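Work through the exercises below with the coordinates open. Each task is followed by a solution in steps.

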Amino acid sequence: YVDSHYNVLFHSCGVVLIDTFVSILSLNLSEPAYGADIAKLEYKLMAGEHGLVIRVKGLNLKTACFLYSQLIIDRLSDFSFTPAVFEMIKEELKKDFNMLIKSEVLAK
């Protein structure tokens, strides 16, 4: 029996991996998505309960969904990054996670 809805985010390692993936993918999408941003089409990538969540909105939702889905699929199929990008994202996420685990932040 294989549970196809196994949630990798229940494990701390999975949280870090999906956050790293989302950050790198967002960085990879920033330049090619600039034109769509100017046209008031918006997207948001985030780590959700069951993995990657992609939200798209714009003046014409069908157009926005099509444009962004094509762009995101292209970037996913050709997903790559340099060691320098990975180090930058790693340091950024380290700061975020360290800030989150401080007791005064959790207590608020």
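**Exercise 1: the largest pocket**

The largest pocket is lined by Val16, Leu17, Thr20, Phe21, Ile24, Phe79, Phe81, Phe86, Lys90, Leu93, Lys94 and Phe97. The model is predicted, so local features need pLDDT of at least 70 and side-chain atom pairs count only at pLDDT 80 or more, while totals for chains, interfaces and linings use all residues. Residues are numbered from 1 along each chain as its sequence is written, and side-chain values use heavy atoms, with hydrogens and water left out.

Task: state how much space lies in the largest pocket, and how its lining residues divide into nonpolar, polar and charged.

Solution.
1. Fix the term: on a 1 Å grid over the protein atoms alone, a pocket is an open set of points with protein on both sides within 12 Å along at least five of seven lines, and lining residues have an atom within 4 Å of a point.
2. The volume, taken as the space filled by probe spheres set on the points, is about 190 Å³ for the largest pocket.
3. The lining has nine nonpolar residues, one polar and two charged. In this scheme Ala, Val, Leu, Ile, Met, Phe, Trp, Tyr, Cys and Pro are nonpolar, Asp, Glu, Lys and Arg are charged, and the others, Gly among them, are polar.
4. H1 and helix H4 (83-101) each supply at least two lining residues; helices are DSSP runs of H or I with at least four residues, strands are runs of E with at least two, and both are numbered from the N terminus.

**Exercise 2: Thr20 and Ser23**

Task: determine whether Thr20 is buried or exposed, and which residues Thr20 contacts beyond its sequence neighbours.

Solution.
1. Thr20 sits in helix H1 (residues 12-30).
2. Its relative accessible area is 13%; because buried means under 20%, exposed over 50% and partly exposed in between (1.4 Å probe, protein chains only), Thr20 is buried.
3. A polar atom of the Thr20 side chain lies 2.7 Å from the backbone oxygen of Val16.
4. With neighbours within four places in sequence set aside, Thr20 is in contact (heavy atoms within 4.5 Å) with Phe86, Ile89 and Leu93.
5. Ser23, in helix H1, is buried at 17%, and outside the same sequence window Ser23 contacts Ile89 and Leu93.

**Exercise 3: the nonpolar core**

Task: find which element gives the most residues to the largest nonpolar core.

Solution.
1. A nonpolar core is a set of buried Ala, Val, Leu, Ile, Met, Phe, Trp, Tyr and Cys residues joined through side-chain atoms within 4.5 Å.
2. The largest one has 11 residues: Ile18, Val22, Leu25, Leu29, Ala33, Ala36, Leu41, Leu45, Tyr68, Leu71 and Ile72.
3. H1 and helix H3 (61-77) each supply at least two of them, and H1 gives the most, with four.
4. Beyond four places in sequence, Val22 touches Leu45, Met46, Ala47 and Leu52.

**Exercise 4: the strands**

Task: place Val53 and Tyr43 in their strands, and give a C-alpha distance for each.

Solution.
1. Val53 is in strand S2 (residues 51-57) and, at 27% relative accessibility, is partly exposed.
2. The C-alpha atoms of Val53 and Val22 are 9.3 Å apart, with their positions 31 residues apart along the chain.
3. Tyr43 belongs to strand S1 (residues 42-48); its C-alpha is 7.0 Å from that of Ile54, 11 residues apart in sequence.

Conventions: Polar contact = N/O pair within 3.5 Å; in protein donor to acceptor, adjacent residues only side chain to side chain. 1 Å grid on protein atoms, 1.4 Å probe; cavity = no way out; pocket = protein on both sides within 12 Å on 5 of 7 lines; lining within 4 Å.
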